[in-house]
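Here are a few exercises to work through with the model open beside you. Try each task before you read its solution.

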Amino acid sequence: MIKFYVLCLLLFNGIFIYSQNIIITGILKDSLTKLDLPYCNIVIKNQKDSAITGVLTNISGEFKINLKTPGNFKLIATNIGYKEKIISLNNIEINKKYKLGSITLEQKSIQLNDAVIEVNKNYIEKKFDRKVF
């Protein structure tokens, strides 16, 4: 009988540990056009700036992150051509779902230097009957 109780305890303990989950969801959008931003980077960092986990948004700009430990985190959203967005996630608790809703990223423009096009003339010119240096 004791073996049965120990076996049940081990089985149910695994279920309780597995069920301790934190889910964070949201959608990334362009701030000007309000269109979804597919394949953006989403990184969760702890307070020491160590990366905990990361995902990519799907084609609709949606993301879903599963965390195992509670605490205070930073969500960092990045994409090429957009400014980085940092969102503080404070007092994240176990067995809760956090819906961040729409997160907008601002477009980033960079002023490039002028392009200079130079034409170099060949030093040797081939004519019909001769070569000119």
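How many helices and strands does the chain have? The chain has one helix and nine strands, where helices (H or I, at least four residues) and strands (E, at least two) are DSSP runs, numbered from the N terminus. From the N terminus on, they run α-β-β-β-β-β-β-β-β-β.

Before going on, some ground rules. This is a predicted model, so local features need pLDDT of at least 70 and side-chain atom pairs count only at pLDDT 80 or more, while totals for chains, interfaces and linings use all residues. Residues are numbered from 1 along each chain as its sequence is written, and side-chain values use heavy atoms, with hydrogens and water left out.

**Exercise 1. Work out the strand order of the three-stranded sheet and find its edges.**

Step 1: the order is 4-1-7, in an open sheet with mixed pairing; two strands pair if DSSP finds at least two bridges between them.

Step 2: strand 4 (62-67) and strand 7 (97-105) each have a single partner strand, so one side of each has no neighbour in the sheet. Neighbouring strands here are turned by 20° against each other on average, direction ignored (axes are lines fitted to C-alpha atoms, for helices over the stretch in contact, and angles run from 0 to 180 degrees between N-to-C directions).

Step 3: now split the mixed pairing. Strands 1 and 7 run parallel, joined by seven bridges, and isoleucine 27 has serine 102 as its bridge partner in strand 7. Strands 1 and 4 run antiparallel, with six bridges; there, isoleucine 24 sits opposite isoleucine 65.

Step 4: look at the faces of strand 4. Phe63, Ile65 and Leu67 make up the covered face, whereas Glu62, Lys64 and Asn66 are on the uncovered one. In a regular strand, side chains alternate between the two faces of the sheet.

**Exercise 2. Do the same for the four-stranded sheet.**

Step 1: this open sheet has the order 3-2-5-6, and its pairing is antiparallel. Strand 3 (51-56) and strand 6 (85-92) are the edge strands, each pairing on one side only.

Step 2: take strand 2 (residues 41-45) and strand 5 (residues 71-78), which five bridges join. Across that pair, isoleucine 44 stands opposite leucine 75.

**Exercise 3. Which polar partners does the side chain of aspartate 30 have, given that aspartate 30 has no salt bridge?**

Step 1: place the residue. Aspartate 30 lies in strand 1 (residues 22-30) and is buried (under 20% relative accessible area; exposed is over 50%, partly exposed in between, with a 1.4 Å probe and protein chains only).

Step 2: check for charge partners, with Lys and Arg counted as positive, Asp and Glu as negative, and His and the chain ends not counted. The nearest side chain of opposite charge is lysine 34, 7.2 Å away; a salt bridge needs a side-chain nitrogen of Lys or Arg within 4 Å of a carboxyl oxygen of Asp or Glu.

Step 3: try backbone nitrogens. The aspartate 30 side chain reaches that of leucine 32 at 2.7 Å, and that of threonine 33 lies 3.2 Å from one of its polar atoms.

Step 4: add side chains. Glutamine 107 makes a side-chain polar contact with aspartate 30 at 2.9 Å (N or O atoms within 3.5 Å; within protein, one must be able to donate a hydrogen and the other to accept it, and residues adjacent in sequence count only if both atoms are side-chain atoms).

Step 5: locate that partner. Glutamine 107 is in the loop between strand 7 and strand 8 (125-126), and is partly exposed at 41% relative accessible area.
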